[in-house]
Amino acid sequence: MRKEDLRIVFMGTPEFAVGTLKALVEGGYNVVAVVTQPDKPVGRHGSVLRSPEVKVYAQEHDIPVLQPVKMKDEEFLAELRSYKADLQVVVAFRMLPEVVWAMPKYGTFNVHAALLPQYRGAAPINWAIINGETRTGVTTFFLDHDIDTGRVIMQRSFEIPLEADVEYVYDGLMELGAQTAVETIERIIEGEGSVETLPQEEMIEVGTELHPAPKIFKDTCKIDWTQPVKRVYDFIRGLCPIPGSWGEVVLPDGTQMELKVYQSALTERPTNDIVAGTLIKEKKAVFVACSDCLLELKTVQPNGKKRMDAISFANGLH
RNA sequence: CGCGGGAUGGAGAAGUGGUCAACUCGCUCGGCUCAUAACCAAGAGAACGGUGGUUCGAGUCCACCUCCCGCAA
């Protein structure tokens, strides 16, 4: 089989998915249609619609775009069938009903930004960093009934440096995910539709804990200063820059305020009984006490203000 | 009409009707010092987002506008 003969339908929404879609298009694969989320209202007054990044890219390359509201909608399913896909590739999309993933003869595989079975769920990159992992990766697997549980085709690992935030890992995994997706398709083509897979149950080492990666909400992003400084640090970078973490800090004058924290730095300076969450201002640095050591703040954002460096923020305290 | 918060010297930020503007940082100049991102001294720099209104008088009250930020999506 030649790759031109393999009809692919791509499914995905955000920029992360564009990485793979782009690799397929530029790699000469036959992407016959793209499925993405409907346009969503954006902006502060609710009238402007924004197209998903995947849609924008697809339109620029004259690929038909489908934006179903309901994946089980008959009209949508009929249209999807009309593209006669041999294979569906899913990246950062949503849960699919069996009627969709079972449609192509070679099946549907997903590119997930973690080393499954670890970090199953919507926010694998964030959670891996929050938990202080030094390694994560991407996995391609065939979809089945549950979220991120299918048989694994390929896996590639990726280092997470100590200072890395979500942006860094996101970019790295987008690239790695794209390569892995292409290689996965290569294998499927070489095998004329059949590839070797490994069930995830066989990949779970006895005694290891499985970390989930559920969707993140505002409440999830609240900083707990009573944790050790390393955990707070990982938490902050695991949510930076999107969606951003926030915490309540106690200012030198005793008042309390909410503060978003984007970048911080570890220190080994002991807290010395200062109450966790207390902000400490020095000439050239700002710290917040955690349970064991001080965390240095680098980039913060007070309510209603723009993001600023911590020194500037401290200059305004009086 | 989705909800809410803002707009003051280069940066942060006080100040809610009557010394046209505090403070922190930065900047310039001088000093101290082997030296310094440290310290001391002096100085420059703001008609307070825009327009109109209320008032004897507005950064400070009202209206509209512009822009920014958070939530929600």
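Modeller: Before the burial values, a convention: a residue is buried under 20% relative accessible area, exposed over 50% and partly exposed in between, with a 1.4 Å probe and protein chains only. This is a predicted model, in which local features need pLDDT of at least 70 and side-chain atom pairs count only at pLDDT 80 or more, while totals for chains, interfaces and linings use all residues. Residues are numbered from 1 along each chain as its sequence is written, chains are lettered from A and ligands numbered from 1 in the order in which they are written, and side-chain values use heavy atoms, without hydrogens and water.

Colleague: Understood. How many helices and strands are in chain A?

Modeller: Chain A contains 8 helices and 15 strands. These are DSSP runs numbered from the N terminus, with at least four residues of H or I for a helix and at least two of E for a strand.

Colleague: And what does the C-alpha trace span along its principal axes?

Modeller: The C-alpha trace of chain A spans about 70 × 50 × 30 Å. Of the 318 residues in the chain, 49% are buried.

Colleague: Let us turn to the sheet of 7 strands. What is its order?

Modeller: The order is 5-2-1-6-7-8-9, in an open sheet with mixed pairing. Two strands are taken to pair if DSSP finds at least two bridges between them. Strand 5 (65-66) and strand 9 (152-159) form the edges, and each of them pairs on one side only.

Colleague: How do strand 1 and strand 2 run, parallel or antiparallel?

Modeller: Strand 1 (residues 7-12) and strand 2 (residues 30-35) run parallel and are joined by 5 bridges. Within that pairing, I8 has V31 as its bridge partner in strand 2.

Colleague: What about strand 8: which way does it run against strand 7?

Modeller: Strand 7 and strand 8 run antiparallel, with 4 bridges between them, and V111 stands opposite T140 of strand 8. Strand 8 also runs antiparallel to strand 9, through 7 bridges, where G137 is partnered by S157.

Colleague: Why is strand 8 described as largely enclosed?

Modeller: Strand 8 covers residues 135-142, and 7 of its 8 residues are buried, so the rest of the structure largely encloses it.

Colleague: A change of topic: how many salt bridges does the structure hold?

Modeller: The structure holds 9 salt bridges. The criterion is a side-chain nitrogen of Lys or Arg within 4 Å of a carboxyl oxygen of Asp or Glu. One of them joins D86 to K105, with the closest N and O atoms 3.7 Å apart. D86 sits in the loop between helix 3 (74-82) and strand 6 (87-91), and K105 in the loop between helix 4 (98-101) and strand 7 (108-112), so this pair ties together parts that are 19 residues apart in sequence.

Colleague: Is D86 buried or exposed?

Modeller: D86 is buried, at 11% relative accessibility, whereas K105 is exposed, at 60%.

Colleague: Which residue does K222 meet in a salt bridge?

Modeller: K222 meets E248, at 3.9 Å from N to O. K222 belongs to the loop between helix 6 (166-190) and helix 7 (229-237) and E248 to strand 10 (residues 245-250), so distant parts of the chain, 26 residues apart, are linked. Both residues count as partly exposed, K222 at 36% relative accessibility and E248 at 30%.

Colleague: And which one does K298 pair with?

Modeller: K298 forms a salt bridge with E296, at 3.2 Å from N to O. K298 is partly exposed at 38% relative accessibility, while E296 is buried at 16%. In addition, a network of salt bridges links K230, D234 and R237.

Colleague: Now the backbone. Which peptide bonds are cis?

Modeller: The bond from C240 to P241 is cis, with omega near 0°, and so is the bond joining I242 and P243, with omega about 5°. P241 lies in the loop between helix 7 and strand 10, as does P243. In general, most peptide bonds are trans, and most residues other than glycine have a negative phi.

Colleague: Where is D62, and what is its phi?

Modeller: D62 is in the loop between helix 2 (53-60) and strand 5. Its phi is positive, about 55°, although D62 is not a glycine. D62 is exposed, with a relative accessible area of 70%. D273 has a positive phi too, of about 70°, and lies in the loop between strand 11 (256-270) and strand 12 (279-281). D273 is exposed, at 79%.
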